[in-house]
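User: Please take a close look at one part of this model, namely the charged side chains along one of its helices. I would like a connected account of how they pair or gather.

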Amino acid sequence: MNDESENTMGSPTPEELRQQVERTRDELGQTVEALAGKADVKAQAKEKTAAAKKQAAEKTAELKEQAAEKTAAAREQAAEKTAAAREQAAEKATAVKEQAAEKSAELKGQAAEKTAAAKVQAAEKTAAVKEQAAAATAQIREKTAQAAQAVKDKTPEPVQEKTAQAATQVRESAARAGQFAVDRTPDPLLEKADRIAKAARAHRTQLLAGGAVLVAFLLIRRGRGRDK
């Protein structure tokens with residue numbers, strides 16, 4: 001019993017050593033398993049991180065591809081809309097030009113018609129005025145001739161002879177005075193007088209007509225005064 005008590009109180013028995021070894025082995029196993037578990041968690045975390053990064057990269061690439069596709073589609077649609085808008089603008093511009101050309105042609109036609117009508121009316125009015133003027137001139141000439149003949153018939157022959165002689169003397173005196181004036185007048189003044197004379201001859205018909213009208217008016221008035 002003393003040996004057993006010594007073994008109990010002293011160094012461990014083989015059985016106890018075996019049990020200690022088993023416990024130590026179990027503890028080491030648990031520790032190794034715990035360490036292995038921890039290592040596995042880190043590896044899983046790394047794998048999850050790598051997978052997440054890979055998924056994020058794939059998602060980013062997919063989003064970029066979708067964005068590129070959407071951008072290309074938007075550009076294509078914008079180009080199509082721009083082309084359609086340009087085509088519509090060109091069609092509208094062509095239509096506006098055609099309408100403007102038609103309107104211009106219509107206005108030109110109306111203006112030409114109005115001009116032609118105005119010319120016809122002016123020609124008709126001019127013809128009517130010429131006809132009236134011709135008739136009035138004929139009447140004036142006739143009345144002037146009648147008045148001159150009446151004056152001649154009422155004027156005694158001696159008075160007519162004296163009037164003719166006086167007119168001849170006046171013409172001769174005027175001719176001598178004119179020649180004298182020509183001889184004494186400088187050349188520039190003669191040229192100016194020649195131009196004035198040409199202008200007077202150009203308007204001679206109008207002046208004669210006016211004078212005839214005035215003479216006829218005076219003679220007619222005088223005849224009416226005598227009749228009263």
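Analyst: The following account moves from the chain as a whole to its charged side chains.

The model is a predicted one. Its protein chain has five helices and zero strands, so that, read from the N terminus, the elements run α-α-α-α-α. Of the 228 residues in the protein chain, buried residues make up 1%. The accessible surface of the chain comes to about 19,900 Å², and carbon and sulfur atoms account for 58% of that surface.

The part in question is helix H2, which spans residues 14–154. The structure holds two salt bridges. Side chains of opposite charge can pair when their charged atoms come close.

One of the salt bridges joins Arg18 to Glu15, with the closest N and O atoms 1.9 Å apart. Both Arg18 and Glu15 lie in helix H2, at a spacing of three residues, or about one turn of the helix. As for their exposure, Arg18 counts as partly exposed because its relative accessibility is 43%. Glu15 is likewise partly exposed, its relative accessible area being 39%.

Another salt bridge links Arg25 with Glu22, where the closest N and O atoms are 3.6 Å apart. This distance falls within the 4 Å cut-off, and the contact therefore counts as a salt bridge. Arg25 and Glu22 are three residues apart in helix H2, so about one helical turn separates them. Here Arg25 is exposed, because its relative accessible area is 51% and the class begins over 50%. Its partner Glu22, at 32% relative accessibility, counts as partly exposed.

Negative charge also gathers elsewhere on the surface: Glu58, Glu62, Glu65 and Glu69 form a patch there. Of these residues, Glu58 has its place in helix H2. Glu58 counts as partly exposed, because its relative accessibility is 46%. That value is over the 30% that membership of a patch requires. Members of a patch also have no salt bridge, so the glutamates of this patch stand apart from the pairs Arg18 with Glu15 and Arg25 with Glu22.

In summary, helix H2 carries the pair Arg18 and Glu15, the pair Arg25 and Glu22, and Glu58 of the negative patch.

Note on methods. Residues are numbered from 1 along each chain as its sequence is written. This is a predicted model: local features need pLDDT of at least 70, side-chain atom pairs count only at pLDDT 80 or more; totals for chains, interfaces and linings use all residues. Side-chain values use heavy atoms; hydrogens and water are left out. Helices (H or I, at least four residues) and strands (E, at least two) are DSSP runs, numbered from the N terminus. Buried means under 20% relative accessible area, exposed over 50%, partly exposed in between (1.4 Å probe, protein chains only). Accessible areas come from the Shrake-Rupley method with a 1.4 Å probe; for residues, only the protein chains shown count as cover. Patches are made of residues with over 30% relative accessible area and no salt bridge: like charges are joined within 9 Å, nonpolar side chains (Val, Leu, Ile, Met, Phe, Trp, Tyr) within 5 Å. A salt bridge is a side-chain nitrogen of Lys or Arg within 4 Å of a carboxyl oxygen of Asp or Glu. Lys and Arg count as positive and Asp and Glu as negative; His and the chain ends are not counted. The place of a charge is taken as NZ of Lys, CZ of Arg, CG of Asp or CD of Glu.
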